[in-house]
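Subject: Structure handover

Dear colleague,

Here is the structure we spoke about. Please look it over before reading my notes below.

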Amino acid sequence: MPTYHESIMKNEVLHYLNIHMEGVVVDGTLGDGGHTEFILKNTGPKTRVLGIDRDLSAIERARDRLQPFRGRVMFAHGSLENLRDLAAQSGVTRINGLLLDFGVSSPQLDTPERGFSIRHDGPLDMRMDSSQTTTAASLLEKLKDVELISIIKNFGEERFAKRIVRAIRREQAEKPIVTTSHFAEIISRVVRSPKHSRIHPATKTFQALRIAVNNELGQIETVLNDAINLLESSARIVAISFHSLEDRIVKTFFRKEERGCTCHPKIPICICGNKQTLKILTRRPLCSSEEEIALNPRSVSAKLRVAERVYV
Ligand SMILES: C[S@@+](CC[C@H](N)C(=O)[O-])C[C@H]1O[C@@H](n2cnc3c(N)ncnc32)[C@H](O)[C@@H]1O
C-alpha cells in the first residue's frame, strides 16, 4: 500500500462543504486525492468531483487511488489560475462547492528529486508542475538582488534576507548553486536557528523561494474571483492555508465579497454597484485538533476558512 499525504481536517471539510444535492464539487488542489476520496465515500452517487492539480504525478497517484469511484470523478491537469477553462474543458459550468488545500503535499516534500526538501539532498527545483521552465536554481540566477531580498523578506517573513542574499551572491561568484543541501548550507552559515529550536535556519528562505517559483500567492485571488462566477447559490468555498500570507489573502477576499458595496459610509446611495457575493461562515479560522496535530504534525499551522455564495 502506498503511503499517501495525510489529508487535513477531513471531517470539517466535508461538514462545511455541506453537499446535499447532485452536482460537481471542485477539489482545486487534488494532491493524493484524500479529501476527494472522503467526499466521494460520504456522498451519494449523484455527487461528482472535478480534481485539479498542477502536478501530473499527483493526478496519476490520485487516479489510482480513486479507481473505485470512476464515473464520479474527473481529473484536470493545470493551475488554479485557470479554473474557469479547466472546468469548461471538463464540461462543468456550475459548481456546488470548491475545496482549496494550499501548499505542498507530503510526496512533493518527501521526494528529494523534486527539490523541496531541506533535509534530503536533491536538485534545487521546487516546481509543482515539472513542465514549467523556471526552477528555484534558475530563479536564483535570474533575479536581481532587490527582487530576491524582497521575495525572501516578504514570502519567507525572514528578517535576515539581505544577509542571506549577500551570502548567495558570494557563493555564486565561486560556483553555481544547484542542489538543496548546498543552498541550505549557505544559509546556515549566516543565519542561526533560535536556541533549542529544531527548525532549520533555511526553512523560511526555502518557503519563500517555493512560493515564488510556483507563483502560489498570485493565484489565490484569481481562483477565488473565478469561483464567485461558477458557484451555485448556497455553495461553499472551503480554503485551508498553511501560512499567514495565504490566510490573509483568503480572509481579505472573503471580507471584501461579504461587504459588497465599497462606497464611503457617508454616501447615502451606493454608486459603486458592488454587491455582496459571499457570507462568511467562520469568523475565526478553524485549526486542527490536538489529536490531529499529534498524529500529523504538518497540520499544526493549518487554518480553515469557509464562505457561502449568496445572490442578493
Ligand atoms: C496540500 S496538497 C493537497 C492534498 C489533498 N487535499 C489530499 O487530501 O491529498 C496541495 C496540492 O495542491 C497542488 N497545488 C498547489 N497550488 C496549486 C495551484 N495553484 N494550482 C493547481 N494545483 C496546486 C499541489 O501540487 C499539491 O499536490
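What follows is a list of findings, grouped by region. Please keep in mind that this is a predicted model.

Ligand site

The ligand is surrounded by 21 residues, and the closest of these are Ser7, Thr29, Gly31, Asp32 and Gly34. Helix H2 (34-41), strand S2 (47-53) and helix H11 (216-230) are the elements that each supply two or more residues to this shell. Sorted by class, the shell holds 11 polar, six charged and four nonpolar residues.

Strands

Strand S2 is one of the elements at the ligand, and seven of its seven residues are buried. Thr47, Val49, Gly51 and Asp53 point one way from S2, while Arg48, Leu50 and Ile52 point the other way; all are buried. That fits the usual pattern: in a regular strand, side chains alternate between the two faces of the sheet.

S2 pairs with S1 in the parallel sense, over five bridges. Within this pairing, Gly23 stands opposite Thr47 of S2. Strand S1 (residues 23-27) also runs parallel to S4, to which two bridges join it. There, Asp27 has Leu99 of S4 as its bridge partner.

S4 is in turn joined to S5 by six bridges, again with the strands parallel. Leu99 appears here too, with Val238 of S5 as its bridge partner. Seven of the seven residues of S4 are buried, so this strand is largely enclosed by the rest of the structure.

Helix H11

H11 also contributes to the ligand shell. Its 15 residues should span 21 Å at 1.5 Å a residue, and the end C-alpha atoms are 21 Å apart, which agrees. The buried residues of H11 are Glu216, Gln219, Ile220, Val223, Leu224, Ala227 and Leu230. Viewed down the helix axis, these buried residues fall within an arc of 135°, so they line one face of H11. The general reason for such spacing is that an α-helix has 3.6 residues a turn, so residues three or four places apart point the same way. Gly218 and Asn229, on the other side of H11, are exposed.

The cover over the buried residues of H11 includes helix H4 (83-89), strand S4 (95-101), helix H10 (203-213), strand S5 (231-241) and helix H12 (244-259). Two of the paired strands described above, S4 and S5, are thus among the elements that cover H11.

Loops and backbone angles

Two residues other than glycine have a positive phi and may be worth a look. Met126 has a phi of about 70° and is found in the loop between helix H5 (106-110) and helix H6 (136-142). Is Met126 buried or exposed? Met126 is buried, because 25 other C-beta atoms lie within 10 Å and the cut-off for buried is 20 or more.

For Glu157, phi is near 50°. Glu157 sits in the loop between helix H7 (145-156) and helix H8 (161-174). With 14 C-beta neighbours inside 10 Å, Glu157 counts as partly exposed.

The loop between H5 and H6 also contains Gln132. Gln132 is partly exposed, having 13 other C-beta atoms within 10 Å. From C-alpha to C-alpha, Gln132 and His264 are 44 Å apart in space, and 132 residues separate them in sequence.

Regards

Technical notes:
Residues are numbered from 1 along each chain as its sequence is written. This is a predicted model: local features need pLDDT of at least 70, side-chain atom pairs count only at pLDDT 80 or more; totals for chains, interfaces and linings use all residues. A residue is near a molecule or strand if its C-beta atom, placed from the backbone, lies within 6 Å of it. Helices (H or I, at least four residues) and strands (E, at least two) are DSSP runs, numbered from the N terminus. Ala, Val, Leu, Ile, Met, Phe, Trp, Tyr, Cys and Pro count as nonpolar, Asp, Glu, Lys and Arg as charged, and the others, Gly among them, as polar. A residue is buried if 20 or more other C-beta atoms lie within 10 Å of its own, exposed if 12 or fewer, and partly exposed in between; C-beta atoms are placed from the backbone. The expected span of a helix is 1.5 Å times one less than its number of residues. The arc is that of the directions from the helix axis to the C-beta atoms. Two residues are in contact if their C-beta atoms, placed from the backbone, lie within 7 Å. Two strands pair if DSSP finds at least two bridges between them.
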